[in-house]
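Here's a look at the open spaces in a protein model and at how a few of its helices pack. Have the structure open while you read.

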Amino acid sequence: MQVLELIIFAGLAAIVLYQLYSVLGRRVGRQPEDNAQADAARPAVRAPERPVEPVEDGVALTGLAAVKAKDPSFDVARFLNGAKGAYEMTVKAFAAGDRATLRNLLAPQVMASFDTAIAAREAEGRTETVEFLHAPRADLEKADVVGGSDLARLTVRFLAEFRSRTKGPEGEAVDDRRTAELWTFERNLKSRDPNWTLVHVDAAEA
């Protein structure tokens, strides 16, 4: 009887152990290897590409580059030739007291200064003529565009030799002069008027 009971208990134990193995040996939920397999099988998804944005270097054009950016047809040699002609015309008109010519060449503030000097000479009863001994030399000293506008401002260094003949109450005097000056011209580069206006005069070293 005891042997029979032992056989029955052994059979029951074997059944219980088999069921436990069946449950414990079964994988429950997702395992790490499942993730690896799933990732390998999943098609790769690329992150959306950001559009390439233009990079602003923040460099503002200056000097002749700024002038030519506003007026690609600007030519330095042609400008300097015109500046030399304007220089001679202005010096001769000032000596002769030719206000009409000066008004076409000078900015109002410069014209006012020239007019004061002419009036003082006239009040003394003096007259003057000027003769250039050589063509003046003109070199571009500085060039730029004012702010973000279309107004160009160029400074030219002039070296000149001329003979001045002055007549006054005491008689006539002849004076040979050598001058060095910085003349600043302005012009709106978008204007149809090709003429430059003298806006400032400074003395310079010879």
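What follows covers two pockets first and then some helix packing.

Keep in mind that this is a predicted model. Let's start with the pockets. Rolling a probe the size of a water molecule over the atoms shows where empty space is left. The largest pocket holds about 330 Å³ of space. It has 16 lining residues, and the ones closest to its centre are F79, G82, P194, N195 and W196. The second largest pocket comes in at about 280 Å³. Here 17 residues form the lining, with V91, F94, F114, F162 and E181 nearest the centre.

The make-up of the two linings by class looks like this:

| Pocket | Nonpolar | Polar | Charged |
|---|---|---|---|
| Largest pocket | 8 residues | 4 residues | 4 residues |
| Second largest pocket | 10 residues | 3 residues | 4 residues |

Which elements build these walls? For the largest pocket, α4 (76-96), α5 (99-105) and β4 (171-188) each put in at least two residues. For the second largest pocket, at least two residues each come from α4, α6 (108-123), β1 (127-132) and β4. Helix α4 is the one to watch: it gives the most to the lining of the largest pocket, with 5 residues, and it also gives the most to the lining of the second largest pocket, again with 5 residues.

Now for the way α4 meets α6. Two packed helices are described by the angle between their axes and the distance between the axes. In this case, the axes of α4 and α6 come within 9 Å and cross at roughly 35°. On the α4 side, the contact is made by T90, F94, A95 and A96, while α6 brings F114, A117, I118 and R121. Sorted by class, the residues of this contact are 6 nonpolar, 1 polar and 1 charged. Two names may ring a bell: F94 and F114 take part in this contact, and both are also among the residues nearest the centre of the second largest pocket.

Finally, take helix α3 (residues 63-70). Which of its residues are buried? They are G63, A66 and V67. These buried residues sit on the same side of α3, because they cover an arc of only 100° around the axis. An α-helix has 3.6 residues a turn, so residues three or four places apart point the same way. And what do the buried residues of α3 pack against? Their partners are the strands β2 (137-145) and β3 (151-168).

How values were computed:
Residues are numbered from 1 along each chain as its sequence is written. This is a predicted model: local features need pLDDT of at least 70, side-chain atom pairs count only at pLDDT 80 or more; totals for chains, interfaces and linings use all residues. Side-chain values use heavy atoms; hydrogens and water are left out. On a 1 Å grid over the protein atoms alone, a cavity is a set of points where a 1.4 Å probe fits but cannot get out, and a pocket is an open set with protein on both sides within 12 Å along at least five of seven lines; lining residues have an atom within 4 Å of a point. Grid points are joined across faces, edges and corners, and a volume is the space filled by probe spheres set on the points. Helices (H or I, at least four residues) and strands (E, at least two) are DSSP runs, numbered from the N terminus. Ala, Val, Leu, Ile, Met, Phe, Trp, Tyr, Cys and Pro count as nonpolar, Asp, Glu, Lys and Arg as charged, and the others, Gly among them, as polar. Buried means under 20% relative accessible area, exposed over 50%, partly exposed in between (1.4 Å probe, protein chains only). The arc is that of the directions from the helix axis to the C-beta atoms. Contact means heavy atoms within 4.5 Å. Axes are lines fitted to C-alpha atoms, for helices over the stretch in contact, and angles run from 0 to 180 degrees between N-to-C directions.
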